[in-house]
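New to this one? Here's a quick briefing to read alongside the sequence and the 3D view.

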Amino acid sequence: MIEQASPASSPLVPRDAFPLLTARDIAYLDSAASAQKPKAVLDRMRQFYETSYANIHRAVYPLSEAATEAYESARARVARFLKAPSADSIVFTRNATEAVNLVAHAFGSRFKSGEHILVTTLEHHANIVPWQLLCDRQGLDLMPAPIDVNGDLALEAFDRLLERKPKLVAVTAASNALGTRTPIKEIIARAHRAGAAVLVDGAQAAPHFAIDVTDWDCDFLVFTGHKLYGPDGIGVLYGKPALLASMPPWQGGGDMIRTVSFAGTEYADPPQRFEAGTPPIGPAVGLAAAIDFIEAIGWDRIEAHDRALTRYALDRLAEIRGIRPVGTPRARIGIVSFTVDGVHPHDAGSLLGERGVCVRTGHHCAQPLMDHLGLPGTVRASFGVHNDTGDIDRLADALVAARQILAR
Ligand SMILES: Cc1ncc(COP(=O)(O)O)c(C=O)c1O
C-alpha cells in the first residue's frame, strides 16, 4: 500500500487507500482541520462493531470482555504511540478540546487567585478559552507569550514572562494556522526551570512528527483522533501518573467510581476517574488502527514529504501575483497559510471550492493570532500523506482562475 518517499510528485500513500478520495475528484488540502479516513481504519471499526461490540467494563459475558479488551488495547497502543510510561497515563476524551478542559478543571482547581497561566499567541482557541474560563472562575491571570515576525515563538519574551512564575504553561507543539513547529523540548525545560507545569497541545503535531512525552518530559499532552486519520469523537489526554493521581474528577457518573453511596462516593483511580459514562469505544478502536496506519509509513518519510510539499507549494504560490504567504517559521509542519491581495479569504475559499480544491479559510480558531497579524484570516492549505504536487498544481491553477474572475 505504501509507496516511495519524496519527491512529492507521488503521494506517500495512494489516494485509493482513502475511499472518499477515490469517490470524489477533489484536491483535499484540509487535513489540518480533519484528515480523511483510510480504508484500514474504516475496516477495523466496521469489524469491531460487527463482531466485538458491547458496552465495556461492567459486564462479565465474553462479548463485553472482548470489547473491554479492544478498548484497553487501544489505550495501550496510544501509550506506545506517545512513548508514555504506562497505559494508565492515557485518558480517552471526546477530542483535544475536552482534554484541555479536563486539565483546566481538575488540575486547575488547585490554582489560587493572583497566580498566572502562560499561553502563546500561536494557540488554537482550544488552548486559550478553557484557561480564560479557569482564570474567571478562580481569579487567575492569563499571559500570552508573543511571536516574532516570522511566526516563531519569541523565546526571550517567553523567558521574561516565566520570571513571573506561572503555575502552568500551555503551549502548542505545532500551530494550526501558520504551521510553526515550536522548540517544544526547550520550552518545556525552560518552563520547568521556572517551576511551571506544562501542557502540550499535540493536535497538529500528532499527524506530522513523532511525539515522545517521556523525552520531552511534558506534564500533560493532548491530541485528537480525527486529525490523525482516525475517527472523530475521540481525543487523548496524557498526564504524568503522579499528577493524574493527585487530581480530583471533573465529571461524575458511571464508570469513574469505586463505590457510590449517599453517605459518600469513592472515586476510581486514573484513568477511569476521568472517564465518566460510556466512553467512545468504537472510536478508540479506530484510533488504534489510525496509529498503526501512520506508524507503518514512518516519521522520516512523513516529515520529508511535508517538507517537499511545503517547498513546492511556496514556489508555486510565489509565481502568482498577489499571493502573500503568512509566516516564515524556522521549522514547520505541512501547512501553508497565505492571503490573496484584495480578496477576502472566504471568497477565495468558495471560488477554490467550486474547482474541487478544499482549503480552510478564516481565522482557523486562532483569532488572537490573526489580530496580532492584523488579518481577518488566511487561506490555509494543509497536507496529508495522500497529497502530491498535483494537488498543489490544482490549487495554484484554481487561484489563478479565481483571481481572473475577481478581476473582471
Ligand atoms: C492546534 C489545535 N489544537 C486543538 C484543536 C482542537 O481539536 P478538537 O476540535 O478535535 O478538539 C485543533 C483543531 O483544529 C488544533 O488545530
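Does Val400 count as buried, exposed or partly exposed, and why? Val400 counts as partly exposed because it has 13 C-beta neighbours inside 10 Å, while being buried would take 20 or more and being exposed 12 or fewer. Keep in mind that this is a predicted model.

**Around Val400**
- Val400 sits in helix H14, which covers residues 389-407.
- Pick Ile128 as a second landmark: Val400 is 272 residues away from Ile128 in sequence, and their C-alpha atoms are 36 Å apart in space.

**The sheet**
- Seven strands make up an open sheet with mixed pairing, and they're lined up in the order S2-S8-S7-S6-S5-S3-S4.
- At the edges you'll find strand S2 (90-93) and strand S4 (141-145), each pairing on one side only.
- Going from one strand to the next, the twist averages 20°.
- For a look at one pairing, try strand S5 (residues 168-172) and strand S6 (residues 197-201): they run parallel and are joined by five bridges.
- Within that pairing, Val171 has Val200 in S6 as its bridge partner.

**A helix across the sheet**
- Helix H4 (residues 96-106) lies across S2, S6, strand S7 (220-224) and strand S8 (235-239).
- Relative to S8, helix H4 runs at about 35°.

**Around the ligand**
- There are 15 residues around the ligand, and the ones that come nearest are Asn95, Thr97, Asn176, Ala203 and Thr224.
- Sorted by class, that shell has 10 polar, four nonpolar and one charged residues.

Technical notes:
Residues are numbered from 1 along each chain as its sequence is written. This is a predicted model: local features need pLDDT of at least 70, side-chain atom pairs count only at pLDDT 80 or more; totals for chains, interfaces and linings use all residues. Helices (H or I, at least four residues) and strands (E, at least two) are DSSP runs, numbered from the N terminus. A residue is near a molecule or strand if its C-beta atom, placed from the backbone, lies within 6 Å of it. Ala, Val, Leu, Ile, Met, Phe, Trp, Tyr, Cys and Pro count as nonpolar, Asp, Glu, Lys and Arg as charged, and the others, Gly among them, as polar. Two strands pair if DSSP finds at least two bridges between them. Axes are lines fitted to C-alpha atoms, for helices over the stretch in contact, and angles run from 0 to 180 degrees between N-to-C directions. Two residues are in contact if their C-beta atoms, placed from the backbone, lie within 7 Å.
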